[in-house]
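Here are my notes on this one, in no strict order of priority. Have the coordinates open while you read.

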Amino acid sequence: MRRISKLTRVAVGVASLALAATACGGTSGGSNGDGDKNLGLAIAYDIGGKGDQSFNDAAYAGLQKAKGEFGYTTADIEPTEGETDADKEQRLASLAKQGYNPVIGVGFAYGPAMEAVAKDYPDTTFGIVDSVVEGDNVASLVFAEEQASYLAGVAAAKATKTNTVGFVGGVDIPLIHKFEAGYKQGVEDTSGGKVKVISQYLTQTAEEGGFSSPDKGKAAAEGQIEKKADVVYQAAGLSGQGVIEAAAKAKVFAIGVDSDQYQQEALASYKEYILTSALKDVGGAVYALAKSVEDGKPLAGTQTFDLEVNGVGLSESNPQYAKIAGLKDAVEKAKEGITGGQIEVRTE
């Protein structure tokens, strides 16, 4: 029977860490897989891989925190272009067989592979981000993306001067619909319907590059800016870098996603125009699962990260965030409404 829980604040804050953390050697305790070594956390990246300044890099920050704290060996493996579920199965099985524990698939695309592999390695704890996989040794790490996106919508409605804002989704799938739905609701509730939202999805499938093509993101944002959008929110993985570039070039605001993109070194030249980011503590989830294994009490079932446990949120790093009249107060009021149950955020 699947257990559903909300994680405590032990996981909070990892996604905002600098991506370079102290590297420590050594091995962890415990018996894992079929390997002759007792190893620690391993993560297998989603499309876009390490360096996306967003989703995958947040997972890497969690891995680095666990590595530094527990002093054990870790592994992080890149995806390959055009790979199949069988390729993912082989990757997960190889990590488990080598003795890594836990083994985490970063992204919903690992669902079928994890379902197939986890039962073959019952002594290994597996984790999957953004999907639910049944299994006594599987922790499904899911988020209330719609809540963070609602707050992003509040910020956009307060920041816009043209009464037109944009949303760029990487791939037209239910997960990204949650981002769009929350954002639109936040804009509507804050503006009383006076602010228009222009939405666009880059591709229908991930294989077409929706999460890994900055050029597609840039073109989409440019089109929305031509239609007078002066705040553009992106939920598009690596493609979102193109959205941010286009916004900065046009001197309008972008809203980042997953990590605090204002703080990302690779985006430093655009940071003035990254108003805020809808945070999703993927790093915290990765770290929490690693800690549970290290403590001998591995998590399993569905672990939900929402606004109530600071598993999602909105960044305030850009000084412009505090300078826009009424923005910060409106976001705080929205947070209270969501956590208090007065605001129910849509997911579609």
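The points below go from the whole chain to a helix and then to a single residue.

1. First, a reminder that we are looking at a predicted model. The protein chain has 348 residues, and 57% of them count as buried. Its secondary structure comes to 10 helices and 13 strands.

2. On the surface side, the protein chain exposes about 14200 Å². Carbon and sulfur atoms account for 46% of that area.

3. How do the contacts spread along the sequence? Taking contacts between residues at least 6 apart in sequence, 71% join residues at least 24 apart.

4. Helix 1 covers residues 55-70 and passes a simple length check. Its 16 residues should span 22 Å at 1.5 Å a residue, and the end C-alpha atoms sit 23 Å apart, so the two figures agree.

5. Is helix 1 mostly covered or mostly open? Mostly covered: 13 of its 16 residues are buried. Just after helix 1 comes Gly71, which has a positive phi of about 65°.

6. Now to Asp329, which belongs to helix 10 (residues 327-339). Is Asp329 buried or exposed? Its relative accessibility is 61%, and since the exposed class starts over 50%, Asp329 counts as exposed.

7. Asp329 also makes a handy marker for sequence versus space. Asp329 and Ala155 are 174 residues apart in sequence, yet their C-alpha atoms are 10.0 Å apart.

Key: Residues numbered from 1 in each chain as written. Predicted model: local features only at pLDDT ≥ 70, side-chain atom pairs only at ≥ 80, totals over all residues. Heavy atoms only, no water. Helix = DSSP H or I, 4+ residues; strand = E, 2+ residues; numbered from the N terminus. Buried < 20%, exposed > 50% of the residue type's maximum accessible area, 1.4 Å probe, protein only. Contact = heavy atoms within 4.5 Å. Areas by Shrake-Rupley, 256 points an atom, 1.4 Å probe, with all protein chains shown as cover. Expected span 1.5 Å × (residues − 1).
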